Amino acid sequence: MAPFDLFFVLFFTLPVLVWLLDGAISEPDAGLFSKLCEGFKPGFSFGFGYFVAGIWWIGNALLVDGDAFAWALPIAIFAVPAMLALFWGCATAMARLFWHGEARRVFMLAAFIALFEYLRGFIATGFPWNVLGYAAYFDPVTMQSASVLGIYSMTALVVLVCALPVILLGKYQSPSLSKYCLITLWLALLVGHVGYGVWRLDNKQSTNVENVALRLVQPSIPQADKFDPAREAEFFKRYLDLSTSASGDNKLSDVTHLIWPESVFPFLLTERRDALSSIAAMLPEGTSLITGAVRAEQASSASEESLAFNSVYVIDHEGIIVSAADKVHLVPFGEYLPFQGLLELLGLQQITQVQGGFTPGASRKLLSTGVGPLFLPLVCYEIIFSGDVWNGSKRAGWIVNLTNDAWFGISPGPYQHERQAVVRAVEEGLPLVRVANNGVSGVYDAYGEIISRLELGERGIIDAPLPEALERTVFSIYGHWIFWSLFISFYCVGVIPSRKT
């Protein structure tokens with residue numbers, strides 16, 4: 001996974017997983033549960049190592065306020081990977097039920113790993129971070145398949161392509177599906193994956209939206225200091241100074257969309273006329289500000305608590321909030337607690353420490369500044385949910401992803417988040433504008449190519465045009481139906497051994 005992108009490692013590790021499953025043999029008279037357990041162990045162990053190595057950095061968020069959350073560090077580093085590894089264990093357990101001695105067993109493993117990676121994106125609100133298919137999307141050339149397949153179909157193909165070659169070196173007999181057929185399929189998938197990317201980029205449309213100029217602001221504020229009341233004025237001034245700074249020949253008056261990251265303000269913006277007045281004084285006529293902010297909704301009665309939303313505001317040059325959208329998919333334990341009331345009584349808090357937790361928005365909606373196309377606001381990790389970014393009748397012209405990855409420090413986490421966001425852009429055929437507090441911020445076209453980018457930990461601004469959206473992609477039209485078709489095909493190939501097996 002990003003930022004290392006050592007895709008070739010899977011050519012060594014996935015065959016080992018297949019061999020471990022070959023050796024996961026239960027007694028002939030063992031019951032179904034025993035057989036499932038024998039198949040579960042290799043997958044769980046493999047998944048646990050994969051997730052510990054891939055998401056250890058989530059523990060950094062607990063160290064921002066170490067006095068309150070350091071006790072939970074082992075849970076973040078080991079318990080969360082263990083829970084995610086349950087999906088891999090279930091995948092190998094199911095695959096092992098249909099196991100046989102032919103190389104085609106790899107199709108069965110690919111089908112069930114992809115299926116349980118898909119389920120990982122939905123069960124218990126979902127956490128599809130580092131789905132295995134991202135390993136194949138390490139470059140704009142290799143990302144183009146996402147416009148057709150999506151991430152879960154690619155996961156099945158990654159398992160097949162990486163596990164099949166070494167399996168074919170072993171003893172192999174199958175009159176119904178020859179070794180040469182499988183080698184031809186393997187080569188066709190590799191060549192097709194790269195060839196389609198080369199062809200698509202060679203024929204790309206590289207036009208920009210007329211009369212739209214973007215300015216992205218990355219303030220690089222350490223998370224431990226971000227909400228310090230004593231530094232509130234200092235950080236707000238940093239936003240204003242960066243926003244109005246000159247960048248070559250570009251001035252703020254040339255900008256139509258000024259964009260700040262998630263949760264900019266350590267206060268409720270609607271209750272601070274001074275802050276809105278400062279924003280109005282900063283913005284030239286014709287320039288709008290898109291910013292993350294906490295939005296409060298007062299309780300309708302004394303017995304009810306006020307609601308807090310993690311939101312995106314559009315503010316015009318007069319300092320008026322003209323529209324807003326709320327984050328729909330909240331981060332469990334980060335923005336809310338399961339069984340919130342009970343766990344708060346026990347003294348627990350989510351990492352953001354908002355009393356009562358955030359409330360999810362009712363639905364996503366498109367926003368407009370009045371200039372340029374409608375945009376789809378996605379806050380933080382909302383953008384990692386493949387096929388679930390937008391299902392309305394109107395189509396956005398671009399995606400705005402506001403985030404605050406400063407929680408995770410200088411670690412692989414922000415790079416992984418960036419990669420997943422860019423793949424969403426390719427899946428949907430929409431340009432992506434990503435603005436983070438501490439990186440990685442950037443503008444990317446609908447092919448996943450970088451227009452402009454600020455590195456993790458870098459403070460500054462980006463001035464860039466807005467690339468045009470493409471026609472709807474195959475994936476944006478058919479979504480996960482492609483994955484289900486591939487799953488059924490792989491299952492059918494893998495489930496029936498030859499008569500000589």
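Is Arg215 buried or exposed? Select Arg215 and you'll find it buried, at 0% relative accessibility (buried is under 20% relative accessible area, exposed over 50%, partly exposed in between, with a 1.4 Å probe and protein chains only). A word on what's loaded: this is a predicted model, where local features need pLDDT of at least 70, side-chain atom pairs count only at pLDDT 80 or more, and totals for chains, interfaces and linings use all residues. Residues are numbered from 1 along each chain as its sequence is written, and side-chain values use heavy atoms, leaving out hydrogens and water.

Now add Asp463, the salt-bridge partner of Arg215, with the closest N and O atoms 2.7 Å apart (a salt bridge puts a side-chain nitrogen of Lys or Arg within 4 Å of a carboxyl oxygen of Asp or Glu). Asp463 sits in strand 11 and Arg215 in strand 1, so the pair ties together parts 248 residues apart in sequence (strands are DSSP runs of E, at least two residues; helices are runs of H or I, at least four; both are numbered from the N terminus). Unlike its partner, Asp463 is partly exposed at 21%.

Next, select Asp326 and Arg295, another salt bridge at 2.7 Å. Asp326 is buried at 19%, and Arg295 is buried at 18%.

Hop to helix 11 (residues 232–244), where Lys237 and Asp241 lie 4 residues apart, about one turn. Their side chains meet in a salt bridge, 2.7 Å from N to O.

Last stop: colour strands 6 to 10, an open sheet with order 6-7-8-9-10 and mixed pairing (strands pair if DSSP finds at least two bridges between them). Strands 6 (375–379) and 10 (450–454) stand at the edges, each with a single partner strand.
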